Amino acid sequence: WQSGQPCMATEQKPWAVAATKAAMQTINPIRMMMESMKMTPNPDKETIPLSIGDPAVFGNLDPDPTIKQALANSVLSGKGHGYAHSAGFLHAREAVAHYASTPSAPLTANDVSLSSGASGALELAIPVLAEAGDNILLPRPGFSLYVTICDNHGIEPKYYNLLPDKSWTADVAQMESLIDSKTKAILVNNPSNPCGSVFPKEHIEEIIALAEKYRLPIISDEIYAHMVFTGNTYYSFASLSKNVPILEIGGLAKRFLVPGWRLGWVLLHDRNEVLKEVREGLFRLTTLILGANTHIQDALPDILSNTPKEFFATTLATLEEHAHFSANALKDTPGLSLVVPQGAMYMMVGLQLEKFKNVTDDVDFAQQLMNEESVFVLPAKCFGAPNFFRIVFCAPKEKIAEACGRIDAFCRRHTK
């Protein structure tokens, strides 16, 4: 425009701000299911959630005082007020290496990358090995975040089956049939969420042998490490692997009863120096988030070395008691079939739909149960196991008793 002449408004281009493909293909199956379910709790009955995998939700499972004091000491010392190395404070990584080492799988601080929870560790371990167009073998049933991370990165999930009639061990022959030239890793979860299963030593060795045959690394999610019940033994995959490299996932959340503290780790168990580039790639990925909470990191040496063994034993005894109590309370309930848990905090319950009058699937079962009995169980469709549901047995025993009684009453009303 020229001086002295009015400025004419130009035609405005419309706004067109779109989310990326990566964002829009990121779907958490649990959240998606929760948003789609139509539930209104019975107002005459207290709601009992047996759906949340959080040991702290009811307040009956409390961290040991030494754990809390370690954090308080860190805060008061001021040592955790600033930034840490993106992979974590050296003294924190040294503490994790000492805690997680075994005679056959020793670790150093350089093998440890700290993360914001075990979920953050998975967000490091999966994309360091695979990218868009690749595939990873995942368990079915399996923790839903595995597929969420894969979808976000354009990685194809290929599912191997866990067999309920064989205590949720993997169908290794079917697992092998999934492997192709684009397969980059096998992901395992032991002890298992959602199955509550614990792999025997021979089964772990069978999976390791398959991985060695095809030269595939294993991502081993062991956030429930050591949380196994009487008659079962926990073996880390790394402790049994001579040649297969393992990326082991762990953290404080479950065994130490502090999931909200968000402190996890990836442990690189290299074999024959085949993870040299992966080690560098993992470090680069840690620079995206610049590490886990620094006060928790600073407290790690005290937490990992000073938490009394009695605390772990007491917690595990409580969970085992609750597991068997839940199984016994539902074993004679019509329309249900159980696989008794061997560890972790979960039990999968099968639905014999042919015995129900008006229940169509696991989602419908959970909705009707909530509406009538105010008990919330998680449909296992979100874990890839339709017509099962998952129970979390962290609640106080009296809550579990009340919830199982209501589930039994519901099933007796709705079966033929």
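**Reading charge pairs and cysteines**

Me: How many residues apart in helix α10 are E280 and R284, and what does that spacing amount to along the helix?

Reply: In this predicted model, E280 and R284 lie 4 residues apart in helix α10 (residues 276–286), which means that about one helical turn separates them. As a general idea, side chains of opposite charge can pair when their charged atoms come close. Here the side chains of E280 and R284 do meet in a salt bridge, at 2.9 Å from N to O, with E280 partly exposed at 38% relative accessibility and R284 exposed at 54%.

Me: Which parts of the chain does the salt bridge between E321 and K397 link?

Reply: The pair, whose N to O distance is 2.8 Å, links distant parts of the chain, with E321 in helix α12 (residues 309–330) and K397 in helix α14 (residues 397–414), 76 residues apart. Salt bridges that share partners also join K45, E372, E373 and R413 into one network.

Me: Is E373, which meets K45 in a salt bridge, buried or exposed?

Reply: E373 is buried, with a relative accessible area of 2%, whereas K45 is partly exposed at 31%; their side chains meet at 2.5 Å, N to O. In total, the structure holds 14 salt bridges.

Me: How many disulfides does a search of the whole structure find, and why is C150 not bonded to C382?

Reply: The search finds 0 disulfides. A disulfide needs two cysteine sulfur atoms within 2.5 Å, and the sulfur of C150 is 16 Å from the closest cysteine sulfur, that of C382, so the two are too far apart for a bond. For C382, the nearest cysteine sulfur is that of C195, 12 Å away.

Key
Residues are numbered from 1 along each chain as its sequence is written. This is a predicted model: local features need pLDDT of at least 70, side-chain atom pairs count only at pLDDT 80 or more; totals for chains, interfaces and linings use all residues. Side-chain values use heavy atoms; hydrogens and water are left out. A salt bridge is a side-chain nitrogen of Lys or Arg within 4 Å of a carboxyl oxygen of Asp or Glu. Buried means under 20% relative accessible area, exposed over 50%, partly exposed in between (1.4 Å probe, protein chains only). Helices (H or I, at least four residues) and strands (E, at least two) are DSSP runs, numbered from the N terminus.
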